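Hi,

Here is the structure I promised to pass on. My notes on what turned up in it follow below.

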Amino acid sequence: MRPVCIIPARSGSKGLPNKNMLYLAFKPLIFHTIDAAIESGCFLKEDIYVSTDSLLYKEICEERGINVVLRSKKLSDDYATSFDVNKDFLKKFDEKQVFVLLQATSPFRNKDDIKNALNLFYSSDCENVVSFVESSKALKLFTELDENGYIKDNIGSDNQYRRQNNKVVYYPNGSIYISRKDYYLKNGCYMTDKTKAYLMDKKTALDIDDIYDFNSCLGNIFFDYKRREEINKGIFNKRYSSLKKVGNIILSDSRFMNINIDGFNNCSVDGVSLKILNDNLYLFDTKKIDKVFISLGVNDFMIGHSQNEIQKYMINILEYFKNIKIYLSSVIYTLFRLRDNNEIIKFNEWLSSYAMNNSISYIDLNDYLSKDNNLRYKYSLDGLNFNDDANCVIHKMIERFINCDEE
């Protein structure tokens, strides 16, 4: 018997209105859960149900090709429990029906989490599987306050306290609940002594209850550079298509967008990686380009591409422009944006050697902008991008580099 999936989506959230439908990474929050359920391969689309009280939610969710069940008014008010909603939903199914409840407010739970949790359910002698996450706080740190605001039972918890000495404890993160109809109706809940924990990491376990949780999600997505690279493929293509790619050009990222070199068209694009440029090389007509200055790679390290991948992307780019004059810069270090700059150092050593062996003009801008293998604080806006003082240094050194090379 195939498992079914239920995704509750009531419209009456008071803490964060319409939280199930707030846009996150260009789509409604609930779509992250619907898409993960579809992509998991655990369910047919017809076996994925959104349970809602909203006609608008119904209309939007049906665009994903799944079923939407409208709740009665009684099951949509503030007094209706999740058990009431689930019991009503399960009425039409057999007693042995396995079901998976996925909350719409867990956008980072992915297809693998769903598959692995279901596999755990089927392979274990259990009645329920519920997702849990490790707590970063020890139980002994929690307390109540009395009517005057004094702590009641936490006195001395800071005396020689070491987090490493405390027991590891876990809490349910609300992302995945799996049970069987007969088990669930018998117990009236998921939490019993026959409940198995499916452990999730802190990122994928994030649950949205209020605006602060939602802002945390936005932060996680913003700093997930690999995800951004994948999502923004079309955007990068449009930007490169619109650029004036003739004569002499500069190819870089946001770090060089404010650099103006006489006689060069600046084709730098915010957020671009060597990988993305590789995907768009066909847009550059080398017959119309005389010289190219290239300074790229830092975003590849932020994204997490391997050293071998980054070298491969760079080689492909340099080979593409091999019949025109190439000026090549090292990757400039960051300041407190990567764990350290060791991978960049390693890449620059390779890049310098490759440039020498292939008669490519190379400049190491770290000689002017960095100290002790870190971008100098006085040149940094945010540990990654450059301030006006740095831009002046870069402009001066590149012009001198190009002029000296041509003499």
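Ser359 is exposed, with a relative accessible area of 70% (exposed means over 50%, buried under 20%, and partly exposed in between, with a 1.4 Å probe and protein chains only). Ser359 sits in the loop between α12 and β14 (helices are DSSP runs of H or I with at least four residues, strands are runs of E with at least two, and both are numbered from the N terminus). The phi of Ser359 is near 55°, which is positive even though the residue is not a glycine. Most residues other than glycine have a negative phi. Asp372 is another such case, with a positive phi of about 55°. Asp372 belongs to the loop between β15 (370-371) and β16 (374-375), and it is exposed, at a relative accessible area of 62%.

Before you go further, please note that this is a predicted model, in which local features need pLDDT of at least 70 and side-chain atom pairs count only at pLDDT 80 or more, while totals for chains, interfaces and linings use all residues. Residues are numbered from 1 along each chain as its sequence is written, and side-chain values use heavy atoms, with hydrogens and water left out.

Now to the sheets. One is an open sheet of five strands with parallel pairing, in the order β11-β10-β12-β13-β14 (two strands pair if DSSP finds at least two bridges between them). At its edges are β11 (264-266) and β14 (361-363), each of which pairs on one side only. Neighbouring strands in this sheet are turned by 20° against each other on average, direction ignored (axes are lines fitted to C-alpha atoms, for helices over the stretch in contact, and angles run from 0 to 180 degrees between N-to-C directions).

What about β10 (residues 247-252): how many of its six residues are buried? Five are, so the strand is largely enclosed by the rest of the structure. β10 is joined to β12 by six bridges, running parallel, and it pairs with β11 in the parallel sense over three bridges. Ile249 is a handy residue to click on: its bridge partner in β12 is Val292, and in β11 it is Asn265. From Val292 you can carry on to its bridge partner in β13, Ile326. Four bridges join β12 (residues 289-295) and β13 (residues 325-329), again in parallel.

Beyond β13, Ser330 is found in the loop that leads to α12. Ser330 is buried, with a relative accessible area of 0%. Setting aside neighbours within four places in sequence, Ser330 is in contact with Ser295, Asn348, Leu351, Tyr362, Ile363, Asp364, Leu365 and Asn366 (contact means heavy atoms within 4.5 Å).

Next, a helix pair. The axes of α11 (residues 307-320) and α12 (residues 342-357) come within 11 Å and cross at roughly 35°. The crossing is right-handed (the near helix is turned clockwise from the far one by less than a right angle; anticlockwise would be left-handed). Residues making this contact include Ile310, Met314 and Leu318 of α11, and Phe347, Trp350 and Leu351 of α12. By class, the contact has eight nonpolar, two polar and three charged residues (Ala, Val, Leu, Ile, Met, Phe, Trp, Tyr, Cys and Pro count as nonpolar, Asp, Glu, Lys and Arg as charged, and the others, Gly among them, as polar).

There is also an open sheet of seven strands with mixed pairing, in the order β5-β4-β1-β6-β8-β7-β9. β5 (67-70) and β9 (195-200) stand at the edges with a single partner strand each, so one side of each has no neighbour in the sheet. The twist averages 30° from one strand to the next. β4 and β5 pair in the parallel sense over four bridges, and Tyr49 has Asn67 as its bridge partner in β5.

Helix α1 (residues 29-40) lies across β1, β4 and β6, running at about 180° to β1. α3 also packs on the sheet, touching β1, β4 and β6, and its direction makes about 140° with that of β1. Which residues of α3 (residues 82-89) are buried? They are Val85, Asn86 and Phe89. These residues are on the same side of α3 because they cover an arc of only 95° around the axis (the arc is that of the directions from the helix axis to the C-beta atoms). They pack against β1 (4-9), β4 (48-52), β6 (98-102) and α5 (181-187).

Happy browsing, and best wishes!
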